[in-house]
Amino acid sequence: MSETRRWTPKDDDVNEDEDEEDSQQYLNQKDAILFAIDVSTSMLAPQELDDGDERGKKGSTSASAVLTALQCAYGVLQSRIISNPNDMMGILLFGTEATKFDTGSGGGGTVGGTAGGYEHCYLLLDLDIPDAEGIKGLKNLIEDPEEFEPLLKPAKEQVSMANVLFAVNQIFTTKAANFQSRRLFIVTDEDDPHSADRALRHSSITRARDLYDLGVRIDPFFIHNPAKGGFDSSKFYDDIVYRSPTDEEDDSQTATSGKMRLKQMVSSIKSKSTPKRALFTNKLELGPGLVIGVKGYLLFKRQEKARSHYVYTGGEKAQIVKGVTTRLAEETAKVVDKAEIRKAYKFGGEQILFTPEEMKAMRNFGEPVIRIIGFKPTSAVRFDMNVKPANFIYPDETGYVGSTRVFAALHAKFVKDEKVGIAWCISRKNAAPQIVAMIPSVEELGDDGVQITPPGFFLIQLPFADDVRQNPESKLVRAPAPLIDRMRAVVKQLHMPKGYIPEKYSNPSLQWHYRILQAIALDEDMPDQPTDTTLPKYKLIAKHAGTYCREWGEELEKLAGNLATPAAKTSAAKRSTLVKGEGLPRKRAKAEDGAEGGGEGDEVTAAWRGGGVGKLTVAKLKGWLEGKGLDTSGRKADLVERIEGALDG
């Protein structure tokens, strides 16, 4: 997490006053992002951009910083129109000879003159929800030099940063007045725009403070310019931008890098364009009457395909589908009202009905709370106890003043005594209760001294008894020494010079999904095939280790006969027969169940007699159904019902 104010729990300063955490950026609100790009002679000059990537391309290409910034904005627009379709984005160019500023507030806009005092400010893309026309217009501007060059003509005099920031204030006030998350990205290579005019400098600082009072966060992207001797943010922007130590380090690396690739800038902007949001807000109960406030965060989550609307593409133009659900009775096809629907559970072969009030009462386990019920040594929590990805809790002063101080003392005590807490956790209203282990995070500093692990608690969800099952029996078969020696030679030839970098490999399924959506939304040609960066580089592998791989394969063929056990050979022969469709098992009478000689038939039958079919694994249930020639599709509840119906009959 990146915060504007952070606390560090030390033994000697636990009792000191702590600043209240700024939680506005974590509220679950829509975002409004505005790019402010400096158009100057130096920003328009071609710069050497390192173009080498992981696919073996070397060399560099020339592109201006303005063009690179516009390409970044275009990339962010493409991604967020799918992932965050309700967020607003806009692009403001400042320092242009032409002036265009119209926020729709009635002031009007002009080109080539002035617009309400916002000289040399060109509103290229008004702050609004991005649409296909706006994205295509930006794409055409980037790809068409004839249209690109006249628009980006720098002004002869220096633009006033006070006017630029006031224009930004006007845009956010007019277009995103009710947005809690508002961000301004400034892209520039001028570190001291008002070195000779102290009045304009003070005026710019005042305008920046107005933006922060409005709730707008400024994220700068400083471009290193060797002709100007680098970028020194202390000359001007340290008084304009309020940053945490982590942000300062990131900006320093960006400004001194010299050659910034397009991919790096897009990644940096995307990482800052999405604010950190709390997963839940809860109270931490240390004992009777002792409660503090905390916020929970989900640090890691698998990104999946998100659907916000259904789209009909069968007509001339793609249209959003409005869904209507109608419930019908199975026997009479009569429309059923919601009041006529009852929920039931099957118990003892009968359907037991419950009213909505009873269902609601059964789901209610109490108010949301994280209640500490005991303590254990750190060694008591094993690695295999992880059921789901862990949550991370951090103090919150919104509801309980003093939470940060108590939280810091608790964290310091856990770390000192090497203890973990066992807690009863109901994260949200109507959520299922969990037993969690509260493991304190140990503060870690990077090589540059910047904190990379914030102090807090990880909530590890512990398994209930029903979640724990015995591992299947497995027999370890070790490869012979000659085969291991051959593989050792293969491994020595395969290495990654820069190590494994996860950011290099995008999810091909997700990228293909987004590419199709982009083609439909922007009326582009459908792509032929997806780009999969996770595929092995077969040519390079064959070049460096092809001979060793073939030798390993030859050695495997020699030893393969000795590796397979007789039971494995018999099992393989049975699978081969089933695949060919020969000797498929036929449905047998119920009386034969006890004479199957053990196995899944006896186990399922015994579980049915004891009323415990639902406790068996899905694999065993499907195996029994397959042996009876019955359908094996559906969820576990369907499989259990199908087995009980077959055995009842």
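Which loop holds the place of Ser-40? Ser-40 sits in the loop between strand S1 (31–38) and helix H1 (41–44). The structure shown is a predicted model. It is a protein of 649 residues, 35% of them buried, and it has 17 helices and 20 strands. The points below start with the whole protein and then take up single residues and one group of paired strands.

**Whole protein**

- Secondary structure comprises 17 helices and 20 strands.
- The exposed area of the protein is about 39700 Å², and carbon and sulfur atoms supply 51% of that area.
- Of the contacts between residues at least 6 apart in sequence, 67% join residues at least 24 apart.

**Ser-40**

- Ser-40 counts as buried because its relative accessible area is 18%, which falls under the 20% cut-off.
- The side chain of Ser-40 makes a polar contact of 3.3 Å with the side chain of Ser-42.
- Leaving aside residues up to four places away in sequence, Ser-40 touches Pro-154 and Asp-189.

**Arg-182**

- Arg-182 belongs to strand S6, which covers residues 181–188.
- Arg-182 is buried but has no salt bridge; Asp-31, the nearest side chain of opposite charge, is 9.7 Å away.
- A salt bridge requires a side-chain nitrogen within 4 Å of a carboxyl oxygen, and the 9.7 Å separation from Asp-31 does not meet that limit.
- Backbone oxygens lie by the side chain instead: a polar atom of the Arg-182 side chain is 3.0 Å from the backbone oxygen of Ala-176.
- The backbone oxygen of Phe-179 is 3.1 Å from a polar atom of the Arg-182 side chain.
- Not counting residues up to four places away in sequence, the residues touched by Arg-182 include Ala-32, Phe-172, Ala-176 and Ala-177.
- Leu-214, Gly-215, Val-216 and Arg-217 are also among the residues that Arg-182 touches, under that exclusion of residues up to four places away.

**Strands S8, S9 and S15**

- Strand S8 (residues 280–287) and strand S9 (residues 290–298) run antiparallel and are joined by 7 bridges.
- Within this pair, Lys-283 stands opposite Gly-293 in S9.
- The hairpin of S8 and S9 has 2 residues between the strands, and Gly-289 in this hairpin takes a positive phi near 85°.
- S9 also pairs with strand S15 (residues 391–395), in the antiparallel sense and over 5 bridges.
- Leu-298 has Asn-391 in S15 as its bridge partner.
- In a regular strand, side chains alternate between the two faces of the sheet.

**Positive phi outside glycine**

- His-120 is not a glycine, yet its phi is positive, at about 60°.
- His-120 is placed in the loop between strand S4 (88–94) and strand S5 (121–128).
- His-120 counts as buried because its relative accessibility is 13%, under the 20% limit.
- Glu-418, a residue other than glycine, also has a positive phi, near 55°.
- The loop that contains Glu-418 runs between helix H10 (403–417) and strand S16 (419–426).
- Glu-418 is exposed because its relative accessible area is 57%, over the 50% cut-off.
- Of these two residues with positive phi, His-120 is buried, whereas Glu-418 is exposed.

Note on methods. Residues are numbered from 1 along each chain as its sequence is written. This is a predicted model: local features need pLDDT of at least 70, side-chain atom pairs count only at pLDDT 80 or more; totals for chains, interfaces and linings use all residues. Side-chain values use heavy atoms; hydrogens and water are left out. Helices (H or I, at least four residues) and strands (E, at least two) are DSSP runs, numbered from the N terminus. Buried means under 20% relative accessible area, exposed over 50%, partly exposed in between (1.4 Å probe, protein chains only). Lys and Arg count as positive and Asp and Glu as negative; His and the chain ends are not counted. A polar contact is a pair of N or O atoms within 3.5 Å; within protein, one must be able to donate a hydrogen and the other to accept it, and residues adjacent in sequence count only if both atoms are side-chain atoms. Contact means heavy atoms within 4.5 Å. Accessible areas come from the Shrake-Rupley method with a 1.4 Å probe; for residues, only the protein chains shown count as cover. Two strands pair if DSSP finds at least two bridges between them.
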